[in-house]
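Please look over the sequence and the structure below before reading on. The paragraphs that follow go from the one covalent cross-link to the chain as a whole, and then to single residues.

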Amino acid sequence: MTTPRLHRKATVLLAGLALAALAGCGADGKGSPEALGTNGAARQAKVPAAPPGLPGMPPLLDPKDVYAADRPGKLSPVVKDFPSRVYVPNTGSNTVSVIDPATYQVIDTIPVGVQPQHVVPSWDLKTLWVNNNRGHTLTPINPATGEAGDPVEVHDPYNLYFTPNGKYAVVMASMDRELVFRDPHTMDRVKTVPVSCFGVNHADFSADGRYFIVSCEFSGELLKVDTEKMEVVGQQKIPFEGAMPQDVKISPDGRTFYVADMMAHGMWVLDGQKFTEPKLLPTGKGCHGLYVSRDSKEMYISNRGEGTISVFDFPKNKLTKKWELPDGGSPDMGGVSADGKVLWLSGRYDGEVYALDTATGKELARIKVGSGPHGLAVYPQPGRYSLGHTGIFR
């Protein structure tokens with residue numbers, strides 16, 4: 001039996017310990033679970049979990065850099081033995097010129113369908129798809145051998161993308177005014193999404209893969225599309241009379257989308273999550289293609305109307321350089337070499353291809369190809385999988 005005197009001592013001692021514990025919790029303002037104990041931890045406000053990424057999408061190597069898998073020479077085992085080539089679709093010649101980047105020589109010319117627009121690496125990296133826009137076919141090329149396979153019937157394939165989980169191919173049917181989700185291997189139609197804008201052509205996906213931003217060239221609009229639902233969830237008119245948006249690219253940190261505009265002569269800076277009105281950053285006449293450097297620090301911007309390439313610095317958030325092609329030209333679409341040292345661009349109106357040193361902007365080569373060269377693909381490139389276009393790898 002406890003005496004009254006001992007009971008009082010125990011009560012005072014317990015009260016003192018409780019006060020000391022509370023003082024310890026508040027001393028650093030953190031109220032850590034360790035100081036609060038198990039019950040205290042349960043009472044803390046729960047921090048909302050970040051929204052999960054698109055189901056089936058490989059997780060980013062670095063949450064702060066969507067291009068972390070694209071470092072120099074980091075080739076996937078799937079492509080490491082493929083010969084290094086530059087594939088150039090010639091819209092006026094209905095051919096693909098194949099360039100050996102080691103010699104800057106055209107080593108092959110592949111007949112394809114009518115009006116090839118882009119050469120697009122498949123999600124699994126095993127196939128290059130030539131988008132024969134007016135021929136309404138896709139021509140597969142085996143990048144291991146350089147041989148073309150039998151064309152696959154696909155209506156109005158102006159451009160081609162792949163969802164980040166590899167579940168669907170997305171055909172940009174520009175004249176049909178449709179986004180067509182297809183099987184990424186057979187190209188069988190799965191779902192057709194009609195759009196009210198004109199000229200869907202380029203796109204890029206959010207860091208979590210849950211949505212993508214699409215440019216509508218002929219009506220000067222942007223779309224936001226839910227990847228999993230395969231539905232347009234946002235649409236807006238670009239605040240510039242006569243806007244003609246082109247290439248779309250996301251920043252390394254995943255916070256910002258950039259949209260090239262050949263009539264506004266610059267790129268639009270857009271918050272993709274909020275999808276609020278974008279702001280214009282002037283770059284040069286006929287701003288067209290956007291390509292990120294291998295270290296994720298810079299973006300090369302082709303200004304087709306003036307024969308220049310602007311360089312945007314991501315950490316500094318500003319343009320830092322402008323390179324001029326020595327004899328002029330019409331730099332359009334392209335890509336960066338696997339080692340990151342050469343920027344390859346098609347000369348859309350000059351029947352040629354430009355190779356530029358990414359350190360200095362010096363022109364390394366100017367190579368004659370067919371008529372109307374457009375969305376050339378440098379292949380292989382580093383990355384685990386392809387989101388499409390001329391090579392967006394993650």
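A disulfide is a pair of cysteine sulfur atoms within 2.5 Å. In general terms, this is a covalent bond between the sulfur atoms of two cysteines. The model shown here is a predicted one, and the structure holds 1 disulfide. Its partners are Cys-197 and Cys-216, with sulfur atoms 2.1 Å apart, so the pair falls within the 2.5 Å cut-off. The angle about the S-S bond is -50°, and the link of Cys-197 and Cys-216 is left-handed. Distant parts of the chain are linked by this pair: Cys-197 lies in the loop between β12 (189-194) and β13 (200-205), while Cys-216 belongs to strand β14, and 19 residues separate them. Are these two cysteines buried or exposed? Both Cys-197 and Cys-216 are buried. Another cysteine, Cys-287, also counts as buried, because its relative accessibility is 0% and the limit for a buried residue is under 20%.

Now take the chain as a whole. It contains 2 helices and 29 strands. Of its 394 residues, 54% are buried. The accessible surface of the chain is about 17,200 Å², and carbon and sulfur atoms account for 55% of that area. Among contacts between residues at least 6 apart in sequence, 46% join residues at least 24 apart.

Asn-90 gives a view of the buried part. This residue sits in strand β1, which covers residues 85-90. Why does Asn-90 count as buried? The reason is its relative accessibility of 0%, given that buried means under 20%. The side chain of Asn-90 makes a polar contact with the side chain of Ser-97, at 2.9 Å. Leaving aside residues up to four places away in sequence, Asn-90 touches Thr-95, Val-96, Ser-97 and Pro-116, and also Val-369, Gly-370, Ser-371, Gly-372 and Pro-373. Ser-97 therefore appears both as the polar partner of Asn-90 and, with heavy atoms within 4.5 Å, in the list of residues that Asn-90 touches.

The surface offers the opposite case. Phe-218 is placed in the loop between β14 (211-216) and β15 (221-226). Phe-218 is exposed because its relative accessible area is 51%, and exposed means over 50%. Which residues make a nonpolar surface patch with Phe-218? They are Met-175 and Phe-198, and the patch made by the three has an area of about 340 Å².

Terms used
Residues are numbered from 1 along each chain as its sequence is written. This is a predicted model: local features need pLDDT of at least 70, side-chain atom pairs count only at pLDDT 80 or more; totals for chains, interfaces and linings use all residues. Side-chain values use heavy atoms; hydrogens and water are left out. Patches are made of residues with over 30% relative accessible area and no salt bridge: like charges are joined within 9 Å, nonpolar side chains (Val, Leu, Ile, Met, Phe, Trp, Tyr) within 5 Å. Accessible areas come from the Shrake-Rupley method with a 1.4 Å probe; for residues, only the protein chains shown count as cover. A salt bridge is a side-chain nitrogen of Lys or Arg within 4 Å of a carboxyl oxygen of Asp or Glu. Helices (H or I, at least four residues) and strands (E, at least two) are DSSP runs, numbered from the N terminus. Buried means under 20% relative accessible area, exposed over 50%, partly exposed in between (1.4 Å probe, protein chains only). A polar contact is a pair of N or O atoms within 3.5 Å; within protein, one must be able to donate a hydrogen and the other to accept it, and residues adjacent in sequence count only if both atoms are side-chain atoms.
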